[in-house]
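Please take a look at the sequence and the fold below. The report that follows walks through a few features worth finding in the viewer.

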Amino acid sequence: MHSFLLMKGSSVLAVEILPGRDIFAGTEAESMLATLTIESFHSLLGTAFQVLADDAPDTEFSLHRVEALNMAASSDSGRAPFSLIFVGPAEPAWNQGCFNLQHPALGLIEGIFLVPIAGDDKQRKYQAIFT
């Protein structure tokens, strides 16, 4: 089972993908996501990630913030929960969903779930939460 927290302002929605409905089960994407920890990202703060999308031009996001979350570690992953905040251009404005990100140090990260959390006419912020 995979658990995600979707956050917008003061609202939090917990989402669990149950066995048999897991779109990443047994895939390399699941393996890569399962190995990522907060330490995987600390040294990448301020660096560029390419967002790869089939239906839009590739877009560059900058890793803006990496922070630990004050909650118990997931029994599935055993890792300490953490949050990533990315900053990207105002356009295109992405809806929440799974995206593929590319970074020179990490390679291809498939299926990272991003949620738009803020934006204006110059930039947008997106959050990924790992439990």
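## Phe 61 and its stacked partner

In this predicted model, Phe 61 counts as buried, since its relative accessibility is 2% and the cut-off for burial is under 20%. Tyr 126 is buried too, at 1% relative accessibility.

These two residues form an aromatic pair of the stacked kind, with 4.8 Å from centre to centre and 15° between the planes. Phe 61 belongs to strand 4, while Tyr 126 sits in strand 8 (residues 123-130), so their pairing ties together parts that are 65 residues apart in sequence.

## An edge-to-face pair and the wider cluster

How many aromatic pairs does the count give? It comes to 8. One of them joins Phe 49 and Phe 86 in an edge-to-face arrangement, 5.2 Å centre to centre and with 80° between the planes. Here strand 3 (residues 48-52) supplies Phe 49 and strand 5 supplies Phe 86, so the pair links parts that lie 37 residues apart in sequence. Phe 49 counts as buried because its relative accessibility is 0%, and Phe 86 is likewise buried, with a relative accessible area of 0%.

Both pairs belong to a wider group: Phe 41, Phe 49, Phe 61, Phe 82, Phe 86, Tyr 126 and Phe 130 make up one aromatic cluster.

## The barrel

Now to the strands themselves. Six of them form a closed barrel in the order 3-4-5-8-7-6, and their pairing is antiparallel. On average, neighbouring strands of this sheet are turned by 45° against each other, direction ignored.

For a detailed look, try strand 4 (residues 59-68) and strand 5 (residues 82-89), which pair in the antiparallel sense over 6 bridges. Which residue of strand 5 stands opposite Glu 67? That place is taken by Ser 83.

## Arg 79 in the loop

Between strand 4 and strand 5 runs a loop, and Arg 79 is found in it. Is this arginine buried or exposed? Arg 79 counts as buried, because its relative accessibility is 13% and burial requires a value under 20%.

The side chain of Arg 79 has backbone partners worth displaying. One of its polar atoms lies 2.7 Å from the backbone oxygen of Leu 33. The side chain of Arg 79 also reaches the backbone oxygen of Leu 36, again at 2.7 Å.

Methods. Residues numbered from 1 in each chain as written. Predicted model: local features only at pLDDT ≥ 70, side-chain atom pairs only at ≥ 80, totals over all residues. Heavy atoms only, no water. Pairing = 2+ DSSP bridges. Helix = DSSP H or I, 4+ residues; strand = E, 2+ residues; numbered from the N terminus. Axes fitted to C-alpha atoms, helices over the stretch in contact; angles between N-to-C directions. Phe/Tyr/Trp six-rings, centres within 6.5 Å; stacked < 30°, edge-to-face > 60°. Buried < 20%, exposed > 50% of the residue type's maximum accessible area, 1.4 Å probe, protein only. Polar contact = N/O pair within 3.5 Å; in protein donor to acceptor, adjacent residues only side chain to side chain.
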